[in-house]
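Q: Please take a close look at one part of this model, beginning with its strand pairing. I should like a single connected account that then follows the neighbouring features from there.

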Amino acid sequence: MLTTDYVPGAPNWLDLGAPDTDAAVAFYQGLLGWSFESAGPEAGGYGFFTRDRKTVAALGPLTEQNARSAWTPYFHTPDADATAASVEMAGGAVVVAPFDVFHEGRMAHFADPGGARFAVWQPGKTAGLELVNDPGSLCWTELHSPDPVVALAFYHAVFGWDAEDVSFPGGTYTVLSTSGAGKDGAFGGVAKLQEGHSTPAQWLPYIQVTDCDGVVTKGQELGGSVLMPAFSAEGVGRMAWLTDVAGAPFGVLTSEGEDGGG
């Protein structure tokens, strides 16, 4: 379960790189009720998505040439430089070397052996997201990898993550948790990227919503598209995969026990 009591290896930040940040703000404001607050002129267009005045994600313009719009999860590290060294030793790549973000913290961007992008956040003044699991906030992260076995070995070497295969009708799903925390530390999973699939290896964030089907419909009305139609998973809830107006994929989930229609 995600929590804002961040421990090493746990998701603690989430941001979106978009070609048109105004269009992204309009989409997520209409879909999830998020507000946007600029981090100021010195931040290069970067700012924060908020819900009930609590930070739930962030947004910035794309900075790499020919980069595709995508969400990037960040994982807590007490030492971004040490994590960068671990990434290289484990067969990953350093995309953006560690650097300080004012006095807020230290960050770096990486790619795993399968090409999936992720980042780390070493807290300074900012510990991480201020709201998770509640409607309109991050509730799960899922790696889509061409080789889950290689990916699991890589992330275990870098973060010490534990992995457990959980059976469900028709197959198994690998659940990830922070080191030694068991089910209480579960924060995500791993799924095999299907051969011939048009999407690359990636991390997919899931946002908790109170009405999965309603959000899917609204997303299309706002100019997004459906990657995977809504379906129900026993013991989990109802979920779907969408893309926003720039094609960035993300998931939405109405966990079992969630009521409502907003």
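A: In this predicted model, Ser 35 has Thr 50 of strand S3 as its bridge partner. The pairing to which it belongs joins S2 to strand S3 (residues 47-51) through four bridges, and the two strands run antiparallel. Both strands are part of an open sheet of eight strands with mixed pairing, in the order S2-S3-S4-S1-S5-S8-S7-S6. Strand S2 (35-38) and strand S6 (93-101) form the edges of this sheet; each has a single partner strand, so one side of each is left without a neighbour in the sheet. From one strand to the next, the twist averages 25°. As general background, strands of a sheet pair through backbone hydrogen bonds, in either the parallel or the antiparallel sense.

Helix H1 (residues 21-32) merits attention next. Its twelve residues reach 16 Å from the first C-alpha to the last, close to the 16 Å expected at 1.5 Å a residue. The residues of H1 that are buried are Ala 24, Val 25, Phe 27, Tyr 28, Leu 31 and Leu 32. Because these residues cover an arc of only 165° around the axis, they lie on the same side of H1. The general principle is that an α-helix has 3.6 residues a turn, so residues three or four places apart point the same way. At the start of H1, a side-chain oxygen of Asp 20 comes to within 3.1 Å of the backbone nitrogen of Asp 22. After H1 comes Gly 33, with a positive phi near 75°.

The strands of the eight-stranded sheet also contribute to the aromatic contacts. There are 28 aromatic pairs in the structure. One of them is formed by Trp 13 and Trp 121, which are stacked, at 6.4 Å centre to centre and with 25° between the planes. This pair links distant parts of the chain, since Trp 13 belongs to strand S1 (residues 11-18) and Trp 121 to strand S8 (residues 117-123), 108 residues apart. Both are buried: Trp 13 has a relative accessible area of 8%, and Trp 121 one of 6%.

A further pair is that of Tyr 155 and Trp 203, whose ring centres are 5.6 Å apart and whose planes stand at 85°, so the pair is edge-to-face. Tyr 155 lies in helix H3 (residues 148-159) and Trp 203 in strand S13, so the pair ties together parts 48 residues apart in sequence. Tyr 155 counts as buried at 2% relative accessibility, as does Trp 203 at 3%. Ring pairs join these two residues into a cluster with Phe 75, Phe 110, Phe 118, Phe 154, Phe 159, Trp 161 and Phe 187.

Strand S13 (residues 202-208), which carries Trp 203, pairs with S16 in the parallel sense over three bridges. Within this pairing, Gln 208 stands opposite Leu 253 in S16. Leu 253 is also the bridge partner of Met 239. Strand S15 (residues 237-243) is joined to S16 by seven bridges, and the two run antiparallel. Their hairpin has five residues between the strands, and Gly 247 there takes a positive phi near 90°. Strand S16 (residues 249-255) is itself mostly covered, with six of its seven residues buried.

Notes: Residues are numbered from 1 along each chain as its sequence is written. This is a predicted model: local features need pLDDT of at least 70, side-chain atom pairs count only at pLDDT 80 or more; totals for chains, interfaces and linings use all residues. Side-chain values use heavy atoms; hydrogens and water are left out. Buried means under 20% relative accessible area, exposed over 50%, partly exposed in between (1.4 Å probe, protein chains only). Two strands pair if DSSP finds at least two bridges between them. Rings of Phe, Tyr and Trp (its six-membered ring) pair if their centres lie within 6.5 Å; planes under 30 degrees apart count as stacked, over 60 as edge-to-face and the rest as tilted. The expected span of a helix is 1.5 Å times one less than its number of residues. The arc is that of the directions from the helix axis to the C-beta atoms. A polar contact is a pair of N or O atoms within 3.5 Å; within protein, one must be able to donate a hydrogen and the other to accept it, and residues adjacent in sequence count only if both atoms are side-chain atoms. Axes are lines fitted to C-alpha atoms, for helices over the stretch in contact, and angles run from 0 to 180 degrees between N-to-C directions.
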